[in-house]
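User: I'd like a close look at one part of this model, please. Could you take me through the surroundings of one buried acidic residue and then work outwards from there?

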Amino acid sequence: MLCMLYDRDGIALPHLEGRRRICGARLAYEQAQSLPIVWVHESPELLVAAAEIKANHRLSLADAWIAATALLRNGTLVHKDPEFSSLHIQQEALPFK
């Protein structure tokens with residue numbers, strides 16, 4: 001993959017380390033796009049499920065949304081976070097942090 005960064009005037013940016021990070025991020029994004037990913041968007045049902053999980057468990061809001069998505073999609077929550085252990089959903093815990 002060829003990755004060059006330019007400023008607004010079309011001049012190549014000299015900062016090599018910054019270019020490496022951005023090029024690496026672009027490559028990771030492109031690789032992720034090639035995976036069989038199903039994008040899940042917000043919905044009233046997801047909002048209610050996440051709110052109920054958040055109200056009843058010591059999870060971050062983001063983790064509550066993730067758990068609610070797994071629950072509503074009948075998925076398996078694969079994680080490395082012991083905070084998910086209290087949830088009564090199908091899950092597979094990887095070795096904890």
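Analyst: Here is a walk that starts at aspartate 63 and moves out to the rest of the chain. Keep in mind that this is a predicted model.

A quick bit of orientation helps. The chain has three helices and two strands, and they come in the order α-α-α-β-β along the sequence. Of its 97 residues, 22% count as buried.

Aspartate 63 sits in helix 3. Is it buried or exposed? With a relative accessibility of 15%, aspartate 63 falls under the 20% cut-off and therefore counts as buried. Setting aside sequence neighbours, what does aspartate 63 touch? Leaving out residues within four places in sequence, its contacts are Asp81, Glu83 and Phe84.

Take Asp81 from that list. Aspartate 81 lies in the loop between strand 1 (77-79) and strand 2 (91-93), so the contact with aspartate 63 links helix 3 to that loop. The two aspartates are 18 residues apart in sequence, with their C-alpha atoms 9.6 Å apart in space. Aspartate 81 is buried as well, at 13% relative accessible area. Its side chain has a partner of its own: it reaches the backbone nitrogen of glutamate 83 at 3.0 Å. Glutamate 83, remember, is also on the contact list of aspartate 63.

Next comes Phe84, another contact of aspartate 63. Beyond its neighbours within four places, phenylalanine 84 is in contact with Leu59, Asp63, Ala67, Leu77, His79 and Gln91. Phenylalanine 84 also leads into the nonpolar interior. The largest nonpolar core has 13 residues, and those touching the most other members are Ile53, Ala67, Ala68, Phe84, Leu87 and Ile89. Helix 2 and helix 3 each give at least two residues to this core.

One step along from aspartate 63 is alanine 64, also in helix 3, which spans residues 61-72. Alanine 64 has 0% relative accessibility, so it counts as buried. Not counting residues up to four places away, alanine 64 touches Ala50, Ile53, Lys54 and Leu59. Ile53 is a name you've already met among the well-connected core members, and Leu59 is on the contact list of phenylalanine 84 too. For a sense of spacing, alanine 64 and alanine 51 are 13 residues apart in sequence, and 7.3 Å separates their C-alpha atoms.

After helix 3, have a look at asparagine 74, in the loop between helix 3 and strand 1. Its phi is near 55 degrees, a positive value in a residue other than glycine. As a rule, most residues other than glycine have a negative phi. Asparagine 74 is exposed, with 68% relative accessible area.

To finish, a look at the outside. Tryptophan 39 is in the loop between helix 1 (16-33) and helix 2 (44-56), and its 60% relative accessibility makes it exposed. Together with Leu35 and Ile37, Trp39 forms a nonpolar surface patch of about 350 Å² of accessible area. For the chain as a whole, the accessible surface is about 7600 Å², and carbon and sulfur atoms hold 59% of that. As for contacts with a separation of 6 or more, 17% of them are between residues 24 or more positions apart.

Terms used
Residues are numbered from 1 along each chain as its sequence is written. This is a predicted model: local features need pLDDT of at least 70, side-chain atom pairs count only at pLDDT 80 or more; totals for chains, interfaces and linings use all residues. Side-chain values use heavy atoms; hydrogens and water are left out. Helices (H or I, at least four residues) and strands (E, at least two) are DSSP runs, numbered from the N terminus. Buried means under 20% relative accessible area, exposed over 50%, partly exposed in between (1.4 Å probe, protein chains only). A polar contact is a pair of N or O atoms within 3.5 Å; within protein, one must be able to donate a hydrogen and the other to accept it, and residues adjacent in sequence count only if both atoms are side-chain atoms. Patches are made of residues with over 30% relative accessible area and no salt bridge: like charges are joined within 9 Å, nonpolar side chains (Val, Leu, Ile, Met, Phe, Trp, Tyr) within 5 Å. Accessible areas come from the Shrake-Rupley method with a 1.4 Å probe; for residues, only the protein chains shown count as cover. A salt bridge is a side-chain nitrogen of Lys or Arg within 4 Å of a carboxyl oxygen of Asp or Glu. Contact means heavy atoms within 4.5 Å. A nonpolar core is a set of buried Ala, Val, Leu, Ile, Met, Phe, Trp, Tyr and Cys residues joined through side-chain atoms within 4.5 Å.
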